Amino acid sequence: MKTVCFYFQVHQPLRLKKYRFFNMGKDHYYLDDIANRSILQKVASRCYLPMNRLLLRLIEENKGAFRISFSLSGLVVEQFRAHAPEVLESFRALAQTGCVEFLGETYDHSLASLIDQEEFESQVRAHSAMIEKEFGQRPVTFRNTELIYSDEIGARVAGMGFKAMLAEGAKHILGWKSPNYVYANSLNQKLRLLLRNYKLSDDIAFRFSDRGWDQWPLTVEKYVGWLTSPDMPGEVVNLFMDYETFGEHQWAETGIFDFMAALPIAALATGKLEFATAAETAARHQPVAVLSSPHAMSWADEERDVTAWVGNELQNDAFDTLYALRPKIKAIADPDFDYVWNFLQASDHFYYMATKWFSDGDVHSYFNPYDSAYEAFINYMNVLSDFKIEVDKRYAQLTEQKQERETCPVSA
C-alpha cells in the first residue's frame with residue numbers, strides 16, 4: 001500500500017503601497033490596504049472557500065479515508081480575521097473532521113532560519129500557539145518557508161520538539177535516491193523527512209492547464225495510473241503545492257476542481273493507495289536512509305536553492321539591513337513596531353527583487369506587483385529606511401530614559 005500525502009501551503013503577504021523617498025519622515029503607514037483586502041477576498045472566492053467546501057465533502061464522502069495537511073502563515077490568518085472570517089471558519093470545520101493536520105511554520109513566512117536562530121524559534125513558537133488557538137492542534141510536523149531546509153535547520157526544528165519536517169526532493173541532494181521514501185535528518189535522526197515529489201506535484205500545480213504539455217489533458221485515470229505504476233518505486237508520494245493552485249493559478253474553467261473531486265475515490269478504488277496526513281505518513285514508514293543537505297535548499301526554480309530570495313546584491317542589502325534592526329526591535333518591545341517588523345520579514349518582498357528568470361519565470365511575474373527588481377528594491381528600502389529612522393529614534397529615547405533612571409539618586 002502506497003501512502004499519498006497531500007500538503008497545501010496557504011499564504012498571502014501584506015503588500016506595501018508605493019512609498020516614495022519624499023514620504024520618508026512624514027508617512028509611517030506602509031501598507032496597501034485596498035490591494036491587500038481585494039486580493040484576499042478575490043482568492044477567497046476563487047480558491048479558499050470553494051476548495052475548502054470540496055475537501056470537507058470529500059472527507060465526509062470517503063468516511064475519513066481522504067486525509068490532508070495544511071500550513072497557514074500567521075500573516076494570512078490575520079488577514080482572514082480582518083477581511084474574510086468565513087474562510088477561517090471553513091478551515092476550523094476542516095480541523096474538526098480529525099482528518100486534517102495543520103503544520104508549524106514561521107509566523108511571518110520569513111527567511112529567519114537563514115540568519116537568526118533566536119528570531120526563527122520565536123516565530124515558530126508564535127505560529128504554533130496561533131494554530132493551537134485557532135484549530136485546537138499543536139503542530140508536530142514542520143514546514144519551513146518555501147520548503148527551505150538544511151541539516152542544521154532540521155536539527156533546530158527537531159530541537160523544538162517537531163517529529164517530522166517537509167523538504168524538497170531535490171535531485172542534487174537525493175542523487176540516485178527516490179523522494180518516495182521517508183528519510184532522517186543527518187544531525188538528529190529522530191527527525192523524519194518527507195520529500196516533495198516535484199514532478200507529480202507540479203503536474204497539478206503548474207502543468208494542469210498547459211495545452212503545450214505532452215500529457216495534456218491530465219485525467220484522473222492517467223494520474224492514478226502514474227501513482228500506482230510499478231515503474232515508480234517507493235512507499236510514499238508527497239504532493240506538496242500552494243493552495244492557490246485551485247481556482248487561482250488553475251482557474252475553475254480548467255477542470256481543476258472536477259479533477260480533485262474525482263481523485264480520492266479513484267485512488268482508493270485501486271486498493272493500492274491510501275491517504276494520510278504528514279504526521280501519519282512520517283509515523284507509518286521507517287526512514288530508509290539519512291539525508292545530508294549541508295547547504296540550504298528550497299522548492300524554488302531549477303536550482304532548488306535560496307537564490308530566489310537572497311541571490312543578488314539588492315536582496316542581500318535589504319535582507320541584512322532588515323535583520324540588523326532586530327536587537328533594537330526586541331529592546332523597544334512595542335506592538336506597533338513588532339507589527340511592522342513582522343510583515344517586512346515576509347519572503348515575498350525579497351522574491352520580488354529576484355533578477356533570475358529560469359523555467360518558472362512566469363511564476364515570478366504572476367505574483368510580482370512591480371515592473372522590475374530594482375523598483376521592488378527601491379520601494380522596500382524606502383519603507384525600511386523610514387522604519388529604521390523611527391526605530392533608531394525610539395531606541396535612543398529608551399536608552400536616554402534608562403540612563404536617567406540609573407543616574408538619578410534614589411529618594412529616601
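**Strand E5 and the surroundings of Arg304**

In this predicted model, strand E5 and strand E7 (residues 192-196) pair in the parallel sense over five bridges. Within this pairing, Leu166 stands opposite Leu194 in E7. Strand E5 also pairs in the parallel sense with strand E4 (residues 141-142), in this case over two bridges, and Met165 of E5 is the bridge partner of Phe142. Between E4 and E5 the chain passes through helix H5 (residues 151-159), and the β-α-β crossover formed in this way is right-handed.

Strand E5, which spans residues 164-168, is mostly covered, with five of its five residues buried. In a regular strand the side chains alternate between the two faces of the sheet. In E5, Ala164, Leu166 and Glu168 lie on one side, Met165 and Ala167 lie on the other, and both faces are covered, as all of these residues are buried.

Glu168, one of the buried residues of E5, is joined through its side chain to the side chain of Arg304 by a polar contact of 2.8 Å. Arg304 itself is located in the loop that runs between strand E10 (290-291) and helix H11 (307-310). Because its relative accessibility is 11%, and buried means under 20%, Arg304 counts as buried. When residues up to four places away in sequence are not counted, the residues that Arg304 touches include Glu168, Ala170 and His172, together with Arg196, Tyr198 and Asp202, and also Met297, Ser298 and Trp299. Arg304 is thus in contact with Glu168 of strand E5 and with Arg196, a residue within the range 192-196 of strand E7.

Conventions: Residues numbered from 1 in each chain as written. Predicted model: local features only at pLDDT ≥ 70, side-chain atom pairs only at ≥ 80, totals over all residues. Heavy atoms only, no water. Helix = DSSP H or I, 4+ residues; strand = E, 2+ residues; numbered from the N terminus. Buried < 20%, exposed > 50% of the residue type's maximum accessible area, 1.4 Å probe, protein only. Polar contact = N/O pair within 3.5 Å; in protein donor to acceptor, adjacent residues only side chain to side chain. Contact = heavy atoms within 4.5 Å. Pairing = 2+ DSSP bridges. Right-handed = clockwise from strand over helix to strand, strands pointing away.
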